[in-house]
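Hi,

Here is the model I said I would pass on. Have a look, and my notes are underneath.

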Amino acid sequence: MNDPAGAVIGLDFDGTLSPIVPDPAEAVIHPKAPEVLAELGRHVLAVAIVTGRPPATALELGPGLADVPRLVVLGHYGFERWEAGQISGPPPPAGVLEAEARLPLLLESLGLRDVTIEDKGRAVAVHTRRSSDPQGALARLRDPLADLAREHGLVVEPGRFVLELRPPGMDKGQALSLFLAERAARSVMFVGDDLGDLSAFEAVRLSGLPGVNVCSGSAEVTELARQADLVVDGPDGVVALLEELVAAFSRS
């Protein structure tokens with residue numbers, strides 16, 4: 001990127017800035033990430049964290065992020081936004097609360113007592129990572145959760161041993177595209193690790209801007225790596241890449 005002042009650096013949170021852990025509530029940002037993002041924010045047009053988590057949760061799990069210059073957090077796939085200390089977004093749809101209320105009985109009927117329900121406010125996620133058979137539990141859940149989502153006007157977002165029920169009408173690609181247009185970006189890089197980041201990769205490709213798609217690589221998700229321009233070794237590799245960018249921008 002020869003024009004950092006016109007660049008938007010977009011990043012997912014879990015699996016990209018934060019290592020994947022069995023319990024999402026225990027996730028924590030890479031210890032070097034806030035500092036390197038703060039340095040990066042001094043050079044670029046904007047740093048945008050685009051995540052399925054609520055913005056407040058991403059900030060809570062990433063101490064120091066709120067101090068990153070030019071940071072915007074597009075949470076809930078873009079439905080909710082944090083910028084300059086303020087959170088904005090529409091109220092959560094009733095369908096999320098209704099679907100969440102049905103989940104315990106559904107999981108009981110399937111004999112899946114060792115999966116985890118995560119209340120995300122505007123969405124609800126079912127994690128199978130802590131199950132005795134994570135892949136098998138995920139397969140058994142796909143059709144029942146798809147039926148539940150349709151019944152309540154929601155869509156299912158698949159991820160790394162997780163299925164999330166969320167409102168339709170927005171995804172990471174749409175959120176990123178709208179943000180690039182809003183900021184009149186002149187270049188873009190997006191870094192992600194999971195299937196939900198494929199739409200952001202597509203947004204970069206369709207933006208008409210000089211762009212780079214980076215995969216935070218793992219053995220669990222290979223599709224993203226196949227579509228990436230660059231693959232790095234998980235959050236450690238992401239931070240190392242960001243450090244290289246900061247060094248290059250500082251020299252120029």
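Below is what turned up on the pocket and on two backbone angles.

First, the ground rules: this is a predicted model, where local features need pLDDT of at least 70 and side-chain atom pairs count only at pLDDT 80 or more, while totals for chains, interfaces and linings use all residues. Numbering runs from 1 along each chain as its sequence is written, and side-chain values use heavy atoms, with hydrogens and water left out.

The largest pocket (on a 1 Å grid over the protein atoms alone, an open set of points where a 1.4 Å probe fits, with protein on both sides within 12 Å along at least five of seven lines) holds about 200 Å³ of space, the volume being what is filled by probe spheres set on the points. Its lining (residues with an atom within 4 Å of a point) comes to 14 residues, with Gly159, Arg160, Leu195, Glu220 and Val221 nearest the centre. Two elements give two or more residues each, α4 (134-151) and β8 (155-159); α4 has the largest share, three residues. Helices here are DSSP runs of H or I, at least four residues, and strands are runs of E, at least two.

Now the angles. His76 has a positive phi, near 50°, and sits in the loop between β3 (71-75) and β4 (80-83). Ala184 also has a positive phi, of about 50°, in the loop between α5 (172-183) and β10 (187-192). Are they buried or exposed? His76 is buried (under 20% relative accessible area, 1.4 Å probe, protein chains only) at 4%, whereas Ala184 is exposed (over 50%) at 54%.

Cheers
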